Amino acid sequence: MTSETAPGRGLKSLWPLILITSLFFFWGVANNLNDVLIPQFKKAFVLTDLQSGLVQSAFYMGYFLLALPAAFVMRKLGYKTAVVVGLLLYAAGAFIFYPAADNHQYSWFLGGLFVIASGLAFLETSANPLITVLGSPDKAAFRLNLAQSFNPLGALSGIFIGQHFILSGIEHDETALAAMTDTARQAFYISEVKAVQGPYLVIGCVVLLWALLVFLSKFPAAATQNAHEDSGEEVGFFQSVVQLLKRPRFMFGVMAQFFYVGAQVGIWSYMIRYAQSEMGLTDKVAATYLYYTLIAFAVGRFIGTGLMTKVRPTLILGLFALVNIGLMLFAVVNGGESGLWALVASSFFMSIMFPTIFATSVAGLGNLTKTGSSLLVMSIVGGAVLTAVMGFVSDHSHIRTAFTVTAVCFAVIALYAFRAPKDATGPVQMTGH
């Protein structure tokens with residue numbers, strides 16, 4: 001790989017900056033397409049809620065298992081290498097969807113999602129710090145916030161792709177399916193599962209092209225050198241992990257992040273299912289509510305960030321968590337359209353949670369910050385575990401009841417927030433979750 005011998009400045013850093021900023025868009029697409037895949041696979045493979053929820057389990061297990069290896073590669077080989085590896089894994093996972101659909105194998109899809117998320121673990125671990133070295137240090141915060149603004153665009157694009165190119169809007173109840181001939185019923189299932197082939201093939205090709213562009217492009221030296229040289233960590237990688245495990249406050253933050261990601265992924269994953277059950281909407285129409293959740297999420301970030309200039313971040317975090325406990329219980333008890341809008345509204349109050357927990361958890365870690373960040377990325381596995389728990393609860397009771405799980409999640413976050421030291425503020429930066 002080639003690199004610049006001098007710090008990237010001006011036009012020399014513009015092209016690398018464009019390439020890396022685009023990564024925020026790419027993982028927004030991948031994350032929010034999952035919310036569409038769950039009802040699609042449930043219909044195409046005739047799955048229970050628990051089985052369809054394994055979409056998120058496979059996906060977020062990739063984050064969990066590859067976060068530390070990604071940090072290790074980044075430290076040893078540099079940011080640019082980690083980005084290329086991440087993009088190659090992302091593309092490979094997307095390409096798996098084609099034979100998975102041809103062979104009508106749900107397990108293959110889960111494998112593809114795991115590979116995609118493994119790539120995203122590399123991208124998310126490396127992209128944020130890489131943005132900060134692609135230009136002058138005094139503009140690093142501006143570049144990072146600009147890059148992160150492309151994440152919601154990717155999220156909206158993911159929902160758009162899913163709603164218009166994957167979801168058919170065709171729904172058959174058990175009576176209608178039973179009335180079909182075996183051939184007609186099987187043809188319906190095959191057509192539904194093959195709907196994912198085209199979109200993921202295109203995504204895989206675009207991501208593969210991006211990997212090639214990153215590989216061939218010249219980057220500043222700081223992007224390609226051994227990242228350990230300026231990591232500021234005087235202890236070894238695994239030794240730093242051991243030290244972090246002995247810090248109760250930090251580990252509480254990891255636990256809070258686990259429950260936050262579980263709540264966010266669970267709410268968004270089962271929102272279409274909730275709308276179908278409570279309002280009788282088709283999957284295609286129900287997907288529209290995912291747009292509303294992202295709008296609420298974006299507005300909440302702007303307002304929440306503004307409030308943090310006047311109010312302690314952990315206080316806002318705690319109050320927002322309490323509001324979401326109420327919204328979850330309202331959705332469980334009331335149901336119907338009002339319950340669905342309660343789920344939409346919860347995204348407003350979730351908006352500041354990931355970055356606030358992240359920043360307050362790493363505050364004061366000093367030379368353990370980078371390794372601490374990797375452990376916090378690993379906590380994203382909450383999306384794998386708790387989405388499956390919600391599916392299990394739904395299968396044994398009702399989809400409404402499953403949202404009691406998310407109420408518990410917000411209770412843990414509230415406890416974390418109100419037990420935080422008043423000086424545990426940290427530099428809150430908006431990230432993609």
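**Surface patch, cavity and a long-range salt bridge**

Helix α15, spanning residues 288–307, is the biggest contributor to the nonpolar patch, handing over six residues. The patch itself covers about 680 Å² of surface and is built from Tyr292, Ile295, Val299, Phe302, Ile303, Leu307 and Trp341. Phe302, for one, sits in helix α15. It's worth keeping in mind that this is a predicted model.

Turning to the inside, the cavity search turns up just one cavity of 30 Å³ or more. The volume of this largest cavity comes out at about 30 Å³. Its walls are made by Ile38, Pro39, Lys42, Asp49, Ser52, Tyr270, Arg273 and Gln276. Sorted by class, that lining is a mix of three nonpolar, two polar and three charged residues.

As for where the lining comes from, three helices each put in at least two residues: α1 (11–45), α2 (49–77) and α13 (271–279). Helix α1 takes the largest share, with three residues. Domain 1 (11–225) and domain 2 (239–421) both chip in to the lining, so the largest cavity lies between the two domains.

Next come the charged contacts. Across the whole structure, the search picks up seven salt bridges. One of them pairs Asp49 with Arg273, whose closest N and O atoms are 2.7 Å apart. This pair ties together distant parts of the chain, with Asp49 in helix α2 and Arg273 in helix α13, 224 residues apart. Both partners also turn up among the residues lining the largest cavity, and their two helices, α2 and α13, are among those supplying at least two residues each to that lining. The salt bridge between Asp49 and Arg273 thus involves residues of a cavity lining to which both domains contribute.

Methods
Residues are numbered from 1 along each chain as its sequence is written. This is a predicted model: local features need pLDDT of at least 70, side-chain atom pairs count only at pLDDT 80 or more; totals for chains, interfaces and linings use all residues. Side-chain values use heavy atoms; hydrogens and water are left out. On a 1 Å grid over the protein atoms alone, a cavity is a set of points where a 1.4 Å probe fits but cannot get out, and a pocket is an open set with protein on both sides within 12 Å along at least five of seven lines; lining residues have an atom within 4 Å of a point. Grid points are joined across faces, edges and corners, and a volume is the space filled by probe spheres set on the points. Helices (H or I, at least four residues) and strands (E, at least two) are DSSP runs, numbered from the N terminus. Ala, Val, Leu, Ile, Met, Phe, Trp, Tyr, Cys and Pro count as nonpolar, Asp, Glu, Lys and Arg as charged, and the others, Gly among them, as polar. Domain bounds come from an automatic or database domain assignment. Patches are made of residues with over 30% relative accessible area and no salt bridge: like charges are joined within 9 Å, nonpolar side chains (Val, Leu, Ile, Met, Phe, Trp, Tyr) within 5 Å. Accessible areas come from the Shrake-Rupley method with a 1.4 Å probe; for residues, only the protein chains shown count as cover. A salt bridge is a side-chain nitrogen of Lys or Arg within 4 Å of a carboxyl oxygen of Asp or Glu.
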